[in-house]
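Welcome! Below are some short exercises, each followed by a worked solution. Have a look at the chains before you begin.

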Amino acid sequence: MSRGGRAMFDLFARVFGREDASKDVAKERLRLVLVHDRASLSPQALDELKNDLVNVISKYLEIDQEGFQVDFSRHEESMALVANIPVRSVKRRTL
Amino acid sequence: MGEAIVITSGKGGVGKTTTTANIGAGLAQAGSRVALIDADIGLRNLDVVMGLENRIVYDLVDVVEGFAKLKHALIKDKRFENLHLLPAAQTRDKTAVSPEQMKHLVESMKDEFDYVLIDSPAGIEQGFRNAVAGADKALVVATPEVSSVRDADRIIGLLEANEKHKPCLIINRIRPSMVKRGDMMDIDDMIEILAVQLIGVVPEDEAIVVSTNRGEPAVMNSNSRAGEAYRQITRRLKGEDVPFAKIEEESGLFGRIRRMIGGFKG
């Protein structure tokens with residue numbers, strides 16, 4: 001389609017309600033990107049979180065600190081904190 | 001005791017300096033004693049926007065380093081004798097001043113002025129931290145574009161984490177015809193996304209380019225729509241309850257045609 005033809009098509013598509021107004025696209029994209037922006041931690045804060053996790057988990061399990069990984073996993077609208085924690089051995093419980 | 005207000009945005013080029021110049025001139029026109037600080041060290045521009053670039057002798061860094069007295073560095077405006085500018089240094093960088101020094105300077109200026117407006121540089125690094133250090137209040141300027149809104153959100157987050165700052169939003173360069181046909185976010189969209197208090201809506205206006213060319217703030221031009229928006233912001237800053245007018249549709253043949261097209265969409 002020529003450029004002019006495309007513009008014409010866009011106009012008609014919009015007039016007859018077949019295409020979203022571009023501001024709605026902008027809003028939706030912003031909504032998604034801000035969910036991620038707002039929840040992101042600084043590398044420093046992520047390190048602190050990792051250290052705290054190591055300390056807590058180490059009370060129960062002996063873990064491989066070298067292989068310990070924490071990061072955010074992002075999908076369209078949701079976000080998860082994913083930790084990969086290699087376990088060396090389970091501590092014997094002293095009840 | 002005066003009030004210190006920082007004008008900031010995160011993203012560059014959205015109109016911080018123009019906003020600072022116009023609100024400053026507006027407050028001075030209304031009779032307040034006003035000082036403007038250009039905190040964009042190394043990239044000074046508030047002086048040219050105000051038309052005062054030929055009067056600079058000393059600058060912000062000279063004052064902070066004790067090389068010049070504040071009263072000698074402050075430049076008196078051409079139009080209002082109660083309006084002053086403290087220009088940025090042009091040959092230094094942001095690290096020439098610390099947030100503590102800025103806080104101290106702003107604090108001392110609040111004794112002499114009703115309003116101290118601080119024009120922040122773009123970004124979130126030391127220049128920004130310097131600019132907000134002494135401020136009691138923050139005005140965040142954003143245009144209705146995804147990049148600007150995203151950066152404004154980041155800035156609002158940083159200001160709110162700092163607690164003492166209460167960010168207010170200025171929506172800049174909004175184009176009523178584009179809003180009408182659904183191709184630009186409107187006031188409600190921006191407020192919904194940013195969840196912040198609104199203090200002004202400034203329409204895109206060619207008069208801004210003309211007034212910047214001449215070094216005369218548009219707030220003094222009674223025919224300018226942007227100038228009117230700045231006058232309203234000035235009144236709100238002074239505590240007056242000024243209702244937000246619905247953004248006006250442009251007149252003329254094009255406006256009418258656009259309205260007709262818009263009408264079909266219902």
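**Exercise 1.** Are B:Asp186 and A:Lys23 buried or exposed? Work out also how their side chains meet.

*Solution.* Keep in mind that this is a predicted model.
- Step 1: B:Asp186 is buried, and A:Lys23 is buried too.
- Step 2: Their side chains form a salt bridge, with N and O 3.5 Å apart.
- Step 3: Now place the partners. B:Asp186 belongs to the loop between α8 (176-180) and α9 (187-194) of chain B, while A:Lys23 belongs to helix α2 (residues 22-39) of chain A, so this pair joins two chains.

**Exercise 2.** Describe where chain A and chain B meet, beginning with how many residues of each are in contact.

*Solution.*
- Step 1: On the chain A side 14 residues take part, touching 17 residues of chain B.
- Step 2: The size of an interface is often expressed as the accessible area that is lost when the parts come together. For chain A and chain B the buried area is about 1400 Å², and carbon and sulfur atoms give 57% of it.
- Step 3: Look for charged pairs. Six salt bridges cross the interface of chain A and chain B. One of the salt bridges in the model links A:Asp37 with B:Arg150, at 2.6 Å from N to O.

**Exercise 3.** Sketch the make-up of chain A: how many helices and strands are there?

*Solution.*
- Step 1: Chain A has three helices and four strands.
- Step 2: Reading from the N terminus, their order is α-α-α-β-β-β-β.
- Step 3: Chain A has 95 residues, and 19% of them count as buried.
- Step 4: Consider the contacts in chain A with a separation of 6 or more; 45% of these are between residues 24 or more positions apart.
- Step 5: The exposed area of chain A is about 7500 Å², with 52% supplied by carbon and sulfur atoms.

**Exercise 4.** Find the salt bridges of B:Arg231 and B:Glu240, then say how many the structure holds over all chains.

*Solution.*
- Step 1: B:Arg231 pairs with B:Glu228, and their closest N and O atoms are 3.0 Å apart. Both residues lie in helix α11 (residues 225-237) of chain B, three residues apart, which is about one turn of the helix.
- Step 2: B:Arg231 has a relative accessible area of 22%, so it is partly exposed. B:Glu228 is partly exposed as well, at 33%.
- Step 3: B:Glu240 meets B:Arg235 in a salt bridge of 2.9 Å, N to O. Among these partners, B:Glu240 is partly exposed at 42%, and B:Arg235 is partly exposed at 37%.
- Step 4: Salt bridges with shared partners join A:Lys23, A:Lys27, B:Asp186, B:Asp189 and B:Glu192 into one network.
- Step 5: Over all chains, the structure holds 20 salt bridges.

**Exercise 5.** Look at the rings: how many aromatic pairs are there over all chains?

*Solution.*
- Step 1: The count is one aromatic pair. The ring centres of B:Tyr58 and B:Phe67 are 6.2 Å apart and their planes stand at 75 degrees, so the pair is edge-to-face.
- Step 2: B:Tyr58 is partly exposed, at 29% relative accessible area, whereas B:Phe67 is exposed, at 62%.
- Step 3: Another ring has a charge over it: the charged end of B:Arg236 sits over the ring of B:Phe244, 3.8 Å from its centre.

How values were computed. Residues are numbered from 1 along each chain as its sequence is written. Chains are lettered from A and ligands numbered from 1 in the order in which they are written. This is a predicted model: local features need pLDDT of at least 70, side-chain atom pairs count only at pLDDT 80 or more; totals for chains, interfaces and linings use all residues. Side-chain values use heavy atoms; hydrogens and water are left out. Rings of Phe, Tyr and Trp (its six-membered ring) pair if their centres lie within 6.5 Å; planes under 30 degrees apart count as stacked, over 60 as edge-to-face and the rest as tilted. Buried means under 20% relative accessible area, exposed over 50%, partly exposed in between (1.4 Å probe, protein chains only). A charge sits over a ring if NZ of Lys or CZ of Arg is within 6 Å of the ring centre and within 35 degrees of the ring normal. Contact means heavy atoms within 4.5 Å. Accessible areas come from the Shrake-Rupley method with a 1.4 Å probe; for residues, only the protein chains shown count as cover. Buried area is the accessible area (1.4 Å probe) that two parts lose on being put together, summed over both. A salt bridge is a side-chain nitrogen of Lys or Arg within 4 Å of a carboxyl oxygen of Asp or Glu.
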